[in-house]
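Work through these short exercises with the model open beside you. Try each task before you read its solution.

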Amino acid sequence: MSASIPVNPSILTWARAELNLSIDDVAHRMKKEPCIILSWEEGSSSPTYVQLEKLAYEVYKIPLAVFFFSEPPDPSRAKTSFRTAPNAVYNMIPSSVLKVFREAENMIDNLYELNEGSELTNQRNILRDLVKSDIIDTAKALRQYLGVPIDEQKSWRNSEKALKVWREKVTESGILPW
């Protein structure tokens, strides 16, 4: 039998809560009884290394090292990105969407770290300046920056056409997401 690994129980709780997962959800994915997951989160027992890897890479989609932090990381950007939505709405976002969002955040951070001081940094700052407190003002500013009049946007037949045109406009401008 493998030895358990002492991890910070508050990180286990944080990682689960960040994805809006219940103890039962995690137990099902880990093929364990809920009382085992609960005991890990309470600190009365700990997962083995193999279990911790599965939690990190398959269930929570976070680096393994996070489980050894002294305290949970800052709230995810997902919560701040959906800041106009009440917590009740945020809590309804499926964990699969939050995982994809977290993976995208990590990719974006890596991209900007690799390109620090380059044109990408300038593009990132331009985009941040376009974001307003009101979503309608932000949409207007982005449309203007990308050269997409509202009438043109309204003429698109469906969401597939809209996605195709927005991708083209973003690519043409050299923008990468921030």
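**Exercise 1. Is Y60 buried or exposed?** Decide from its relative accessibility.

Solution. This is a predicted model. Y60 has 1% relative accessibility. Buried means under 20%. So Y60 counts as buried.

**Exercise 2. Classify the pair of Y60 and F67.** Use the centres and the planes of the rings.

Solution. A pair of aromatic rings is described by the distance of the centres and the angle of the planes. Step one: the centres of Y60 and F67 are 6.4 Å apart, and the cut-off is within 6.5 Å. Step two: the angle between the planes is 45 degrees. Stacked needs under 30 degrees and edge-to-face over 60. The pair is therefore tilted. F67 is buried too, at 0% relative accessible area.

**Exercise 3. Classify the pair of W156 and W166, then place both residues.**

Solution. Start with the rings: their centres lie 5.4 Å apart and their planes meet at 90 degrees, so this pair is edge-to-face. Next, the location. W156 sits in the loop between α10 and α11, while W166 belongs to helix α11. The pair therefore links parts 10 residues apart in sequence. Last, accessibility: W156 is buried at 11%, but W166 is partly exposed at 22%.

**Exercise 4. Which side chains meet in a salt bridge, and which helices hold them?**

Solution. The whole structure has one salt bridge. R16 and E41 form it, with 2.6 Å from N to O. R16 lies in helix α1 and E41 in helix α3, so the bridge ties together parts 25 residues apart in sequence. Both R16 and E41 are buried.

Note on methods. Residues numbered from 1 in each chain as written. Predicted model: local features only at pLDDT ≥ 70, side-chain atom pairs only at ≥ 80, totals over all residues. Heavy atoms only, no water. Phe/Tyr/Trp six-rings, centres within 6.5 Å; stacked < 30°, edge-to-face > 60°. Buried < 20%, exposed > 50% of the residue type's maximum accessible area, 1.4 Å probe, protein only. Helix = DSSP H or I, 4+ residues; strand = E, 2+ residues; numbered from the N terminus. Salt bridge = Lys/Arg side-chain N within 4 Å of Asp/Glu carboxyl O.
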